[in-house]
Every structure is written in structure tokens, then in C-alpha cells.
Amino acid sequence: MTILRPAVSVLLLLTLVTGVLYPLLTTVVGKTLFPTQAQGSLIKQGETVKGSLLIGQAFTQPGYFQGRPSATADHPDDPMASGGSNLAQSHPQLMAEVEQRVATLRAQNPSATGKIPTELLTTSASGLEPMLSVAAVEWQIPRVAQARHLSVEELQHLVQRFTQAPRLSFMGPPVVNLVALNLALDQYHQGK
């Protein structure tokens, strides 16, 4: 009994601290200091939720910048089925998928020049990646400009506005959030 009482007391104390107090504290701090992020970084237009800055969306029409291919289950960018394809670089199925993506991207972007950026050909580990490199976005500018009847320069300026550089340069290259960029492109196009 002398050993059991302290063990149960420590168990109850740790359960209270780690199971109640700590989660409550982090929730309150998160909602106070980072209210948008704590609610899922939702993008709203009026009262309508259009998406999240943290989850990619399948933009397929020519007037939108397209993100990385998604390997999620039933439909692209499904947050309930997050995951990569887990195929090795030498797997025949992956090679066939990449070849198909090359053909599709070349057909959709006949004015694009140069090598297709790798991230437009391969899926991300989560299958939900909302970010794309500046080079991958710029590669698509001719198609989007033609579909939207905008100049290449206008789109380059808009892409620059939505380019996010890492806080520290060694943390990676600048990226563009495609969900935010495409929604801004809709508003920009409507404002003209």
C-alpha cells in the first residue's frame, strides 16, 4: 500500500498536467496569439469558406495555376486520405505516371518553354501540398495569361506578390501558395 499510493498520486497528477492543463494552455495560447492558424488557416469570402491555406486544391481549368499532383485516394487533395504514392523512382508505374504527366502538361502548356519543373510531375509526401516553387508557377504563366486574357507581366507581378521567402535563407527556396494565388487571380480578374 505504501508503494501504490504514491504511484497512483503521480499518475493522477501527470494525467491532470499532461492530459488537461497542458492541452488547455496550448489551446488558449494558440487561439489568442494565432487565431487564424488555430482555426485551420481558412480562406473565407464573406461567410463562405473557400479552402485552407494549408491544403492544396485541384485546380484543373486553364485559367488557374495547377499544383503538384496528388496521390490521395478517391479524389485529388482529399485531406481524409493524406499520403504519398510510396513508389520507388525505378517503379514502372511511377515512370508511366510521370510520362503521362509530361504529355498532359506539354499539351496543356504549349507556350511554356524549358524543362518541366519536377514538382509538377511528382506527388508530395502528403498529397496535399498547397505550395509550389516560383519556377513551377512561372512555367505555367503563359497558359494562365492566355486563358485569362492578361499579360505575362501582370501575372508575374501577381506571382511576386504571393511569393513567400523563408525566414532564414537556408530553410529552403521561396514558394507560392497556389490556393491564395488562384483566389487572388479570380478577384484580380473580376476587378478589371
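This talk describes the strands, helices, salt bridges and selected residues of one structure.

Good morning. The model I am presenting is predicted, and everything that follows should be heard with that in mind.

I begin with the N-terminal part. Helix α1 covers residues 4-33, and V20 lies within this helix. V20 also belongs to a nonpolar surface patch, together with L13, L16, V17 and L21; the accessible area of the five adds up to about 420 Å². V20 itself is partly exposed, because its relative accessibility is 44%, and the class in question runs from 20% to 50%.

We come next to the loop between α2, residues 35-38, and β1, where S41 is found. The phi of S41 is near 50°, which is positive although the residue is not a glycine. For context, most residues other than glycine have a negative phi. Is S41 buried or exposed? S41 counts as buried, because its relative accessibility is 7%, and the cut-off for burial is under 20%.

After this loop comes a hairpin. Strand β1, residues 42-45, pairs with strand β2, residues 48-52, in the antiparallel sense, and the pairing comprises 4 bridges. Within that pairing, I43 stands opposite G51 of β2. Between the two strands there are 2 residues, and G46 takes a positive phi near 70° in this hairpin. T48 lies in strand β2, and its relative accessible area of 43% makes T48 partly exposed. Measuring from C-alpha to C-alpha in the model, T48 and T113 are 38 Å apart in space, with a sequence separation of 65 residues.

I turn now to the open sheet. Which order do its strands follow? The order is β3-β5-β4, with antiparallel pairing among these 3 strands. The edges are β3, residues 131-133, and β4, residues 163-164, each of which pairs on one side only. Strand β5, residues 175-177, pairs with β4 over 2 bridges in the antiparallel sense; T163 has V176 of β5 as its bridge partner. Helix α4, residues 134-148, lies across β3, β4 and β5 and runs at about 80° to β3.

Two loop residues in this region deserve mention. M171 sits in the loop between β4 and β5, and its relative accessibility of 56% classes M171 as exposed. H149 occupies the loop between α4 and α5, the latter being residues 152-161. H149 is not a glycine, yet its phi is positive, at about 60°. With a relative accessible area of 71%, H149 is exposed.

I close with the charged pairs. How many salt bridges does the structure hold? There are 2 salt bridges. In one of them, E97 pairs with R101, and the closest N and O atoms are 3.5 Å apart. Both residues belong to helix α3, residues 92-108, and are 4 residues apart, about one turn of the helix. E97 is partly exposed, at 28% relative accessibility, while R101 counts as buried because its value is 19% and burial requires a value under 20%.

The other salt bridge joins the side chains of D186 and R148, at 2.8 Å from N to O. This pair links distant parts of the chain, since D186 is in helix α6, residues 178-191, and R148 is in helix α4, 38 residues apart. D186 and R148 are both buried.

Thank you for your attention.

Technical notes
Residues numbered from 1 in each chain as written. Heavy atoms only, no water. Pairing = 2+ DSSP bridges. Patch = residues over 30% accessible without salt bridge, like charges linked within 9 Å, V, L, I, M, F, W, Y side chains within 5 Å. Areas by Shrake-Rupley, 256 points an atom, 1.4 Å probe, with all protein chains shown as cover. Salt bridge = Lys/Arg side-chain N within 4 Å of Asp/Glu carboxyl O. Buried < 20%, exposed > 50% of the residue type's maximum accessible area, 1.4 Å probe, protein only. Contact = heavy atoms within 4.5 Å. Axes fitted to C-alpha atoms, helices over the stretch in contact; angles between N-to-C directions.
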